[in-house]
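User: I would like to go through how the labels on this model are justified. Please set each value against its cut-off.

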Amino acid sequence: MKNILVLTDFSENAAAAAEAGLLLAGKLHTGLVLYNTYINYQTMASYGGGGWIVDEFSERKLRSKNSLEELTEGLESLADQLDQDDRMPTICFESDDNDLGMDVAELI
């Protein structure tokens with residue numbers, strides 16, 4: 001099955017892109033994959049040791065998962081309003097701590 005990949009950082013612009021992706025997925029009869037990378041290399045590069053990095057990393061991962069679930073729920077309620085000629089897309093999400101370019105290449 002073909003999917004439309006929508007990258008998100010949970011901003012207003014990203015939410016609008018996700019909604020547009022949902023509408024397009026309905027018209028094209030494809031699925032929708034939401035993706036977020038939760039790593040911030042600028043912060044990680046300054047790591048000098050210590051336990052705080054594990055806590056921050058775990059918090060980012062949890063925040064990403066929770067935000068993706070929330071975005072998915074919102075899109076699912078919007079999908080209920082699609083035209084009857086459009087197929088309701090399957091919406092799934094993924095997040096990872098890798099470089100965005102590497103992850104997108106792997107997803108594609």
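User: Why is Leu100 called partly exposed?
Analyst: This is a predicted model, and Leu100 in it has a relative accessible area of 34%. Buried means under 20% and exposed means over 50%. The value for Leu100 lies in between, so Leu100 is partly exposed. Leu100 is found in helix H4.

User: What makes Leu100 eligible for a nonpolar surface patch?
Analyst: A patch residue needs over 30% relative accessible area and no salt bridge. Leu100 has 34%, so the area condition is met. The patch joins Leu100 with Leu5, Leu7, Leu107 and Ile108. Together they have about 430 Å² of accessible area. Strand S1 and helix H4 (100-107) each supply at least two of the patch residues.

User: What makes up the largest nonpolar core?
Analyst: The core has 13 residues. Core members must be buried, so each has under 20% relative accessible area. Val6, Ala18, Leu22, Leu32, Leu34, Leu75 and Ile91 touch the most other members. S1 (3-7), H1 (12-28), S2 (31-37) and H3 (52-79) each give two or more residues. H3 has the largest share, with four.

User: Which residues does Ala18 touch, leaving out those up to four places away in sequence?
Analyst: They are Val6, Leu32, Leu34, Leu71 and Leu75. A contact needs heavy atoms within 4.5 Å.

User: How many residues count as buried across the protein, as a percentage?
Analyst: Of 108 residues, 30% count as buried.

Key. Residues numbered from 1 in each chain as written. Predicted model: local features only at pLDDT ≥ 70, side-chain atom pairs only at ≥ 80, totals over all residues. Heavy atoms only, no water. Buried < 20%, exposed > 50% of the residue type's maximum accessible area, 1.4 Å probe, protein only. Core = buried A, V, L, I, M, F, W, Y, C linked by side-chain atoms within 4.5 Å. Patch = residues over 30% accessible without salt bridge, like charges linked within 9 Å, V, L, I, M, F, W, Y side chains within 5 Å. Areas by Shrake-Rupley, 256 points an atom, 1.4 Å probe, with all protein chains shown as cover. Salt bridge = Lys/Arg side-chain N within 4 Å of Asp/Glu carboxyl O.
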